[in-house]
Amino acid sequence: MSDNNFLIRIENLTKNFPIYKGILIERQVGAVQAVSNVNLEIKKGETFGLVGESGCGKSTLGRTVLKLYEPTSGKVFFRDIDFTSLKGEELRQTRKHMQMIFQDPYASLNPRLNVSEIITEPLEAHSIGNAKTQHEKVLELLDLVKMSRYYTNRYPHEFSGGQRQRIGIARALALEPEFIVLDEPISALDVSIQAQVVNLLEELQERLQLTYLFIAHDLSMVRHISDRVAVMYLGKLVEQARRNELYEDPLHPYTQSLLSAVPIPNPKRERDRRRNILEGEVPSPVNPPSGCHFHSRCPIAQDICKQEYPEWREIVDQHWVACHFPLEKNKIK
């Protein structure tokens, strides 16, 4: 998968959350396997989409990449820097180049700070500029996210969800990052506002040469904004390809099932097509199935799927899949 033009490279990244029990003495009795041996690269200037069901580990992966969660094992490289090994001032200085925009604009802003203080906070944390230059930067950022300069003294409760998310975007841009993790940035917004925020993100990317990891469960929006897309199931990547190739020629049964649930705007095609409805519940990440994690719900599973986890392999150019039987005949038309 190597590419010399990568900005972020993730190697065998794993994040487990320990489970403790006991009253007087706590003992670890298990672990939630939130992210398991993930490998991917994100190129400079691209938007890399990450999709999957709720609870599959998408947000945990995004936070672990930024080291908001300490990885259990594996490495994350920013350019050629091993980001996971950094500590103290080195970590602090490198983290300026990597920011996050959170899912819930109602919870991600401090209600006790006004807009100016919210956007200035990262500048103060890194001792950048004085009061005058910081105020000028706030005004520039409000212009950038298309909000009025007169809002500087207002508080988060005075704004709509879309406006709050714009404030969050302005805060993320304050340190002029190169890489931004977008953790379902539009899922909490009204449908009429979602397109405005996505268009803003695209404009900012082109203007500021940003690189995005776009995490979402809205497959149509991911197709609109992403250059490449990866599909995640129970902590593991099951497929990765260029956007159009993934949506038009999915190779993994899980990807095919996800795409079969997306409505088609053509009534005749929608009526005639066959849906691939998965049976059963998503297994627990505390005790995932043996072999391929998807075998308990897979319509084409065989004995080998229950025994061995499939190799992550490149089937065609830049189209990777973890499946023992990525066959053409299994595609849903």
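Helices α5 and α6 are roughly parallel to each other, a label that applies to angles under 35 degrees, where over 145 would be roughly antiparallel, 65 to 115 roughly perpendicular and the rest oblique. The axes of α5, residues 161-173, and α6, residues 191-208, come within 10 Å and cross at roughly 15°; these axes are lines fitted to C-alpha atoms, for helices over the stretch in contact, with angles from 0 to 180 degrees between N-to-C directions. Helices here are DSSP runs of H or I with at least four residues, strands are runs of E with at least two, and both are numbered from the N terminus.

I should say at once that this is a predicted model, in which local features need pLDDT of at least 70 and side-chain atom pairs count only at pLDDT 80 or more, while totals for chains, interfaces and linings use all residues. Residues are numbered from 1 along each chain as its sequence is written, and side-chain values use heavy atoms, with hydrogens and water left out.

Which residues make the contact? On the α5 side they are G162, Q165, R166, I169 and L173, and these meet I193, Q196, V197, L200, L201, L204 and L208 in α6, where contact means heavy atoms within 4.5 Å. They divide into 8 nonpolar, 3 polar and 1 charged, with Ala, Val, Leu, Ile, Met, Phe, Trp, Tyr, Cys and Pro counted as nonpolar, Asp, Glu, Lys and Arg as charged, and the others, Gly among them, as polar.

I169, L173 and L204 appear again, together with Y254, as the residues with the most contacts inside the largest nonpolar core, which has 55 residues. Such a core is a set of buried Ala, Val, Leu, Ile, Met, Phe, Trp, Tyr and Cys residues joined through side-chain atoms within 4.5 Å, and buried means under 20% relative accessible area, against over 50% for exposed and partly exposed in between, with a 1.4 Å probe and protein chains only. Leaving out residues up to four places away in sequence, L173 touches L141, L144, I180, L204, L208 and L210.

L141 takes us to another helix pair, since it is one of the α4 residues that α3 meets. Helix α3, residues 115-125, packs on helix α4, residues 131-144, at an angle of about 115°, with the axes 10 Å apart.

Finally, T14 lies in strand β1, residues 6-21, and counts as buried at 8% relative accessibility. Its C-alpha atom is separated by 4.5 Å from that of S36, 22 residues apart along the chain.
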